Amino acid sequence: MNAPVQADSFGIIVIGDEILSGRRRDRHFDALGGMLRERGFGVAWLRILPDDPEYLASEFTRTMAAPNPVFCCGGIGATPDDHT
């Protein structure tokens, strides 16, 4: 279920099994969230998703139907498990 829409706020999707497993620390949220807040915007929600093509497609379909604009980032570079 999508969170309620907040005026002047964005959703953030971070993708990566390395984030979910704890092998890497996510820095996208801190950096992007900070840039948004500096400009007077907020973060409506954050989702951390696995490198699973079917799951990603399902989440993208659901997320893009919601009214908040969305930033999508993640991973540590082009690796064989990167499906974004």
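Okay, quick bit of vocabulary before I start: when I say helix or strand, I mean a DSSP run, at least four residues for a helix and at least two for a strand, numbered from the N terminus. With that in hand, here's a small detail to look at: right after H2, Gly40 takes a positive phi, about 85 degrees. I'll come back to H2 in a bit. And please keep in mind throughout that this is a predicted model.

So, the overall layout. The chain has 3 helices and 3 strands, and if you read along the sequence you get β-α-α-β-α-β. Of the 84 residues, 31% are buried. The exposed surface of the chain is about 5,200 Å², with carbon and sulfur atoms supplying 56% of that. On contacts: take the ones between residues at least 6 apart in sequence, and 77% of those join residues at least 24 apart.

Let's go to the sheet, starting with E1. How many of the residues of strand E1 are buried? It's 7 of the 7, residues 9–15, so E1 is largely enclosed by the rest of the structure. You can see that on either face: Ser9, Gly11, Ile13 and Ile15 point one way, Phe10, Ile12 and Val14 point the other way, and all of them are buried.

Now, who sits beside E1? E2 pairs with it in the parallel sense, over 7 bridges. E3, residues 70–74, is also joined to E1, by 5 bridges, and that pair runs parallel too. If you want one residue to click on, try Ile15: it stands opposite Leu49 in E2, and also opposite Gly74 in E3.

On to the cores. Which residues make up the largest nonpolar core? There are 7: Phe10, Ile12, Val14, Ile19, Leu32, Leu36 and Cys73. E1 and helix H2, which is 28–38, each put in at least two residues of this core. The largest share, 3 residues, comes from E1. There's also a second, separate core of 6 residues, and among them are Ile15, Ala44, Trp45 and Leu49.

Back to H2, as promised. Its buried residues include Leu32, Gly33, Gly34 and Leu36, and the buried residues of H2 pack against E1, E2 and E3. Leu36 is a nice one to zoom in on. Leave aside its neighbours within four places in sequence, and Leu36 is in contact with Phe10, Ile12, Phe41, Gly42, Val43 and Phe71.

Last topic, the charged pairs. The count comes to 4 salt bridges, and I'll walk through some of them.

Let's take Arg25 and Asp30. Their side chains meet in a salt bridge at 3.1 Å, N to O. Is Arg25 buried or exposed? Exposed, because its relative accessibility is 55% and the cut-off for exposed is over 50%. Asp30, at 43%, counts as partly exposed.

Then there's Glu59, which has two partners to talk about. With Arg47, the closest N and O atoms are 4.0 Å apart. That pair links distant parts of the chain: Glu59 sits in helix H3, residues 53–64, while Arg47 sits in strand E2, residues 42–49, and they are 12 residues apart. Both ends are out of the solvent by our cut-off, which is under 20% for buried: Glu59 counts as buried because it comes in at 8% relative accessibility, and Arg47 counts as buried at 13%.

The other partner is Arg62, with closest N and O atoms 2.8 Å from each other in the salt bridge to Glu59. Why might those two be placed to meet? Glu59 and Arg62 are 3 residues apart in helix H3, so about one helical turn separates them. As a reminder, an α-helix has 3.6 residues a turn, so residues three or four places apart point the same way. Arg62 itself counts as partly exposed, at 29% relative accessibility.

Put those together and Arg47, Glu59 and Arg62 are linked in a network of salt bridges.

So, to wrap up: E1 is the strand with 7 of its 7 residues buried, E2 and E3 both run parallel to it, the buried residues of H2 pack against E1, E2 and E3, and Glu59 bridges to Arg47 in E2 as well as to Arg62. That's my tour, over to you.

Methods
Residues are numbered from 1 along each chain as its sequence is written. This is a predicted model: local features need pLDDT of at least 70, side-chain atom pairs count only at pLDDT 80 or more; totals for chains, interfaces and linings use all residues. Side-chain values use heavy atoms; hydrogens and water are left out. Buried means under 20% relative accessible area, exposed over 50%, partly exposed in between (1.4 Å probe, protein chains only). Contact means heavy atoms within 4.5 Å. Accessible areas come from the Shrake-Rupley method with a 1.4 Å probe; for residues, only the protein chains shown count as cover. Two strands pair if DSSP finds at least two bridges between them. A nonpolar core is a set of buried Ala, Val, Leu, Ile, Met, Phe, Trp, Tyr and Cys residues joined through side-chain atoms within 4.5 Å.
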